[in-house]
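Work through the exercises below with the predicted model open beside you, and try each task before reading the solution that follows it.

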Amino acid sequence: MDLLKRQSSVFQLNGKLKAVILIGGPHVGTRFRPLSLELPQPLFPIAGSPWLQHHIEAIVKHPDVREILLIGFYNQSQQMSRFVDDMQRKYGIPIRYLQEYAPLGTAGGIYHFRDQILRGNPRAFFVFNSDVCCDFPVWEMAQFHSNVTGGNGYVILGTEANEQQALSYGCIVEEPSTHKVLHYVEKPETFVSNIINAGGYIFSPDIFQHLTRAFTANYENELIHDAARDSIDLHSSVLTPLAGNGDGGKLYVYKMNSGFWTQVKNAGHAIYANRLYLSLFKERHPEYLATNTPGGHEIYGAVRIHPSAQIDSSAVLGPNVYVGAGVVIGAGARVREAIVLDRAVIQEHSCVLHSIVGWDCVLGAWSRIEGYPSDLNPNDPVAKITSESLFNLDGRLNPSITILGKDSKRVLNWACGFTLPGLRTLFAALDPA
């Protein structure tokens, strides 16, 4: 179905689905700096595609989804408008960005734009957090919603974590035979359950009764500041009251049985997410990935290279590398577990490991930048990437990847063999020229 037909079908959505992606705003993207200073965090390229494109590509595979709404507090920039236009053309589905007038929390934007979400009378709608990286089980969630709730209930996407890491997420206690949510608590102080909220939902339209109740309670609570009364927290104000027998026990959890899942809270997590999506491409889109060719540069594992990149035949790339548009990589260079953004130059015999090289950077010959790998415990099948602060309690820098910010013009040759593990940002020595 072409875009014009799908646009007209938005007004006749009886029995169809919509999807909402909550993209936040610049006030919550500070841990992604300096990269988020150049473009909205949800548009950062992971495995060669804007972050949000992975969400959209998964959602549009369900033929009943007729519209996707992006809700957030980013300004309506050229970057955002161009992205929305590109996605509409690529996937042939109406996509709109709805900008909040203020940061409205995890559910305030859903409530504020309720008329847009309910337009066309959809039978249900998905909600996904943009900071989630996973093999989105859209089909399975929709089927579960129909079979278990009869199409008139609410479903949380869940996944498993170990006992210690579960404390950093919303925890779900379920009735095993029915998958009904008996208890929900956000970031508990003690262990509650190893089933955590994976940042995905499917709601029937009557969820707005509960959002209205939460909104009204905010205005009746004299302790809430006026500026914060339009903000609604989905977890404490909606999900926690719905658990157990709230609203007749209509809240359920669908647990992911396969695939991958992680949150992307900072730039270090982007390297791990890059690895996960590249591994998915090996299964579903091998045409996206580079292969070894006679006389060409050497490729190990999953590597995606923009067609306009220029790479010397003696360079070695991989595993888990994305090389952006207009990038130049010189003779003998080695790039591994890295994202190299558009127009960057990596000169001869340089080494890039567990790092992000920013737009328009120039890495001098014989330089080496190396970050600390963001890896999971291989002995724990449900381990998750932790979201640590920049500094630990002792005031020391927590180990993480290395980042060259945009326009770092040269890491000079004296940096040869000098490793920089754990730096969030490397402001390199600048070439006076």
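**Exercise 1. Which rings have an arginine over them, and at what distance from the ring centre?**

Solution. Begin with Arg304, whose charged end sits over the ring of Tyr288 at 4.4 Å from its centre. Then turn to Arg114, which lies over the face of Tyr111, 4.1 Å from the ring centre. Both distances can be set against the cut-off of 6 Å that is used for a charge over a ring.

**Exercise 2. Describe the aromatic pair of Phe125 and Phe203, and place it in the chain.**

Solution. A pair of aromatic rings is described by the distance of the centres and the angle of the planes. A search of the whole structure gives 12 aromatic pairs. In the pair of Phe125 and Phe203, the centres are 5.9 Å apart and the planes make an angle of 70°. Because planes over 60 degrees apart count as edge-to-face, the pair of Phe125 and Phe203 is assigned to that class. The next step is to locate the partners: Phe125 belongs to strand β6 (residues 124-129) and Phe203 to strand β11 (residues 195-203), so that the pair links distant parts of the chain, 78 residues apart. Phe125 is buried, at 0% relative accessibility, and Phe203 is buried too, with a relative accessible area of 2%. Finally, Phe125 and Phe203 belong to one aromatic cluster that also includes Tyr154, Tyr201 and Phe208.

**Exercise 3. Where is Lys250 found, is it buried or exposed, and which residues does it contact?**

Solution. Lys250 is found in the loop between α9 (234-242) and β12 (251-255). Its relative accessibility is 15%, and because the limit for a buried residue is under 20%, Lys250 counts as buried. When neighbours within four places in sequence are left aside, Lys250 is in contact with Asn152, Gly153, Tyr154 and Asp206. With Asp206, the side chain of Lys250 makes a polar contact of 2.6 Å. Tyr154, another of these contacts of Lys250, is also a member of the aromatic cluster of Exercise 2.

**Exercise 4. Examine the peptide bond between Gly318 and Pro319 and the surroundings of the proline.**

Solution. Most residues other than glycine have a negative phi, and most peptide bonds are trans. The bond that joins Gly318 and Pro319, however, is cis, with omega about 0°. Pro319 has its place in the loop between β17 (316-317) and β18 (321-323), and with a relative accessible area of 24% it is partly exposed. Not counting residues up to four places away in sequence, Pro319 touches Tyr300, Gly301, Ala302, Arg336 and Glu337. For Arg336, which is 17 residues from Pro319 along the chain, the C-alpha separation is 5.7 Å. Glu337, another of the residues touched by Pro319, itself has a positive phi near 50° although it is not a glycine. Glu337 lies in strand β20 (residues 334-340) and is buried, with a relative accessible area of 7%.

**Exercise 5. How do strands β9 and β10 pair, and which residue of their hairpin takes a positive phi?**

Solution. Strand β9 (residues 170-175) and strand β10 (residues 180-186) run antiparallel and are joined by six bridges. One of the residues to follow is Val173, whose bridge partner in β10 is His183. Four residues lie between the two strands of the hairpin, and here His179 takes a positive phi near 65°. Beyond β10, in the loop between β10 and β11, lies Lys187, another residue other than glycine with a positive phi, about 45°. Lys187 counts as exposed, at 53% relative accessibility.

**Exercise 6. What is the strand order of the open sheet of four strands, and which strands stand at its edges?**

Solution. The order is β16-β19-β21-β23, with parallel pairing. At the edges stand β16 (310-311) and β23 (362-363), and because each has a single partner strand, one side of each is left without a neighbour in the sheet. Within the sheet, two bridges join β19 (residues 328-329) to β21 (residues 345-346), and Val328 has Val345 as its bridge partner in β21.

How values were computed:
Residues numbered from 1 in each chain as written. Predicted model: local features only at pLDDT ≥ 70, side-chain atom pairs only at ≥ 80, totals over all residues. Heavy atoms only, no water. Phe/Tyr/Trp six-rings, centres within 6.5 Å; stacked < 30°, edge-to-face > 60°. Buried < 20%, exposed > 50% of the residue type's maximum accessible area, 1.4 Å probe, protein only. Lys NZ or Arg CZ within 6 Å of the ring centre and 35° of its normal. Contact = heavy atoms within 4.5 Å. Pairing = 2+ DSSP bridges. Polar contact = N/O pair within 3.5 Å; in protein donor to acceptor, adjacent residues only side chain to side chain.
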